[in-house]
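Work through the exercises below with the sequence and the coordinates at hand. Each task is followed by a solution that proceeds step by step.

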Amino acid sequence: ATGKDREEARKAMVLALKELTVRGDIRNPVEYLVQLLETDDFKTNSIDTSWLDGLLKQKALQDLAKVDDTVVAACAALFRAHERVKRSKREF
C-alpha cells in the first residue's frame, strides 16, 4: 500500500485487507494482519525485529491463562488413559 505518509499507507493497507475476499474454506491470516496493523506499537512505528515474537509470547501466555480447569483435568485423564492402553498393548 502507498500513501503520502506512513499512516496513510497503513490505513490503505488495512482497508485493502478488509476488502479482500477469499472464497472457499481456506485459512488465511487476513484478520490477524489487520489486528497487527491496528496495534498502537505499529501505528507509532515503535516496533523492532522482536516485536512480533513478543506479541506471540504474550498471546500464548494469555491463552494459557484462559484454559478452564475442567479441560485441563479432562486432557490429563485422557492422556493417562492413552498411556495405560499403550502400556497394556506392549505387555500383551
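A residue is called buried when its relative accessible area is under 20%, exposed when that area is over 50%, and partly exposed in between. The model used in these exercises is predicted.

**Exercise 1. Classify Glu 38 and Lys 43 by accessibility, and state how their side chains are related.**

Step 1. Glu 38 has a relative accessibility of 32%, and therefore counts as partly exposed.
Step 2. Lys 43, at 33% relative accessibility, likewise falls in the partly exposed class.
Step 3. These two residues form a salt bridge, in which the closest N and O atoms are 3.6 Å apart, and this separation can be set against the criterion of a side-chain nitrogen of Lys or Arg within 4 Å of a carboxyl oxygen of Asp or Glu.

**Exercise 2. Describe the salt bridge between Arg 10 and Glu 7, including the environment of each partner.**

Step 1. The side chains of Arg 10 and Glu 7 meet at 2.6 Å, taken from N to O.
Step 2. Both partners belong to helix H1, and because they are 3 residues apart there, about one helical turn separates them.
Step 3. Arg 10 counts as buried, since its relative accessibility is 6%, whereas Glu 7, with a relative accessible area of 27%, is partly exposed.

**Exercise 3. Repeat the analysis for Lys 86 and Glu 83, and then place the salt bridges in a wider context.**

Step 1. A salt bridge joins the side chains of Lys 86 and Glu 83, with an N to O distance of 3.3 Å.
Step 2. In helix H5 the two residues are 3 residues apart, so that about one helical turn lies between them.
Step 3. Lys 86 is partly exposed at 34% relative accessibility, and Glu 83 is partly exposed at 28%.
Step 4. Salt bridges with shared partners connect Glu 7, Arg 10, Glu 38 and Lys 43 into one network, and a search of the whole structure gives 4 salt bridges.

**Exercise 4. Is the chain more spread out or less spread out than a compact globule?**

Step 1. The chain contains 5 helices and 0 strands, and along the sequence its pattern reads α-α-α-α-α.
Step 2. Its radius of gyration is 22 Å, well over the 12 Å given by the globule rule for 92 residues, and the chain is therefore more spread out than a compact globule.
Step 3. Along the principal axes, the C-alpha atoms fill a box of roughly 70 × 35 × 25 Å, and buried residues make up 11% of the 92 residues.

Terms used. Residues are numbered from 1 along each chain as its sequence is written. This is a predicted model: local features need pLDDT of at least 70, side-chain atom pairs count only at pLDDT 80 or more; totals for chains, interfaces and linings use all residues. Side-chain values use heavy atoms; hydrogens and water are left out. Helices (H or I, at least four residues) and strands (E, at least two) are DSSP runs, numbered from the N terminus. The radius of gyration is taken over C-alpha atoms; the globule rule is 2.2 Å times the number of residues to the power 0.38. Buried means under 20% relative accessible area, exposed over 50%, partly exposed in between (1.4 Å probe, protein chains only).
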